[in-house]
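Student: I've got a structure to look at and some questions about it. Can we go through it together?

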Amino acid sequence: MKLLILYDGDYGKRFWDNISKNAPKAWEVQEYHYTKSLPPFTEELSDYVPEDLPSCDLLISVQEHPIVAELIPLFIKKIGAKVVITPIDNKAYLSSGLARQLKRKLEKEGIELLHPMTFCTLTEKSSKNELILEFAKCFGRPDVEIEFEKEKVKEVRVIRDAPCGNTRFVAEHLVGTHRMDAVERSGILHHNHPCWATMTRDPELGDTLMHHAGLQIKLAVEETIKGKKPLEMEEKK
């Protein structure tokens, strides 16, 4: 799979850093740092399409400027991507209305666009597209396995990482936590990374996007502890 991560600031760069570092070796992961200066509004979008965009199968657009999001259909024509993921982690970067507009526009061209709110809610159930399924096996809603020894976390294995790398941070720092405190502790660690989803209250969720993202890792830890049989270390004799 040829994957292109397009970003224009530190928010998106964090996704690039984590995904490029931890993606399967079979993937070809590329980045494009969009550096063109953009006005608040523009009618001539074609003037802002770069000439040097690399081709890809899956485009992940994690932009901060809404005009970069508006450019996605024009990017697609140049790079030949078959599917797009552009998450909503901050509605100042991508509003739900603009995301739905882009989705409808690309559907007419036979291109699927997903806009998970937040990126760490993406799962293999989000789409039937093979490219998204392949991506969502590795990155999306956190999935972990926890090994305990004497009621304390011995090891946390990351099955699926949040695209920003937050799950790996939580996994590393959850070691030593008592079983009873693991869920709450995972939520605290999530905020300590820190999560870059907005703290603005969202009317669609009735909560902030950061809290919504934090809930994903807490659920992952809780499901592992209560929904699956934890792996217990045999006490050393």
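Student: Which residue does Arg-157 form a salt bridge with?
Tutor: First, this is a predicted model, where local features need pLDDT of at least 70, side-chain atom pairs count only at pLDDT 80 or more, and totals for chains, interfaces and linings use all residues. Residues are numbered from 1 along each chain as its sequence is written, and side-chain values use heavy atoms, with hydrogens and water left out. A salt bridge here is a side-chain nitrogen of Lys or Arg within 4 Å of a carboxyl oxygen of Asp or Glu. With its closest N and O atoms 3.1 Å apart, the partner of Arg-157 is Glu-147.

Student: Where do Arg-157 and Glu-147 sit in the chain?
Tutor: Strands (E, at least two residues) and helices (H or I, at least four) are DSSP runs, numbered from the N terminus. The pair is ten residues apart and links distant parts of the chain: Arg-157 is in strand 7, and Glu-147 is in strand 6 (residues 143-149).

Student: Is Glu-147 buried or exposed?
Tutor: Buried means under 20% relative accessible area, exposed means over 50%, and partly exposed is in between (1.4 Å probe, protein chains only). Arg-157, at 24%, is partly exposed. Glu-147 has 13% relative accessibility, so Glu-147 counts as buried.

Student: What about Arg-179: which residue does its side chain meet in a salt bridge?
Tutor: Look in the loop between helix 6 and helix 7 (182-192) for Arg-179, and 28 residues away for its partner, in the loop between strand 6 and strand 7. Arg-179 is buried at 16%, while the partner is partly exposed at 36%. At 3.0 Å, N to O, that partner is Glu-151.

Student: Which residues do salt bridges join into one network?
Tutor: Side chains of opposite charge can pair when their charged atoms come close. When salt bridges share partners, they can be followed from residue to residue, and here that gives one network of Glu-145, Glu-147, Glu-155 and Arg-157.

Student: How far apart in sequence are the parts that Arg-160 and Glu-124 tie together?
Tutor: These two form a salt bridge with the closest N and O atoms 3.5 Å apart. Arg-160 is buried at 10%, but Glu-124 is partly exposed at 36%. Arg-160 lies in strand 7 (residues 152-160) and Glu-124 in the loop between strand 5 (112-114) and helix 5, so the parts they tie together are separated by 36 residues.

Student: How many salt bridges are there in total?
Tutor: Go back to the cut-off of 4 Å between nitrogen and oxygen. By that rule, the count is 16.

Student: What is the volume of the largest cavity?
Tutor: On a 1 Å grid over the protein atoms alone, a cavity is a set of points where a 1.4 Å probe fits but cannot get out, and a pocket is an open set with protein on both sides within 12 Å along at least five of seven lines; lining residues have an atom within 4 Å of a point. Points are joined across faces, edges and corners, and a volume is the space filled by probe spheres set on them. There is one cavity of 30 Å³ or more. The volume of the largest cavity is about 190 Å³.

Student: Which helix gives the most to the lining of the largest pocket?
Tutor: That pocket holds about 260 Å³ of space and has 13 lining residues, with Glu-70, Pro-73, Leu-74, Lys-77 and Lys-105 nearest its centre. Helix 3 (72-79) and helix 4 (96-107) each supply at least two of the lining residues. With five residues, the top contributor is helix 4.
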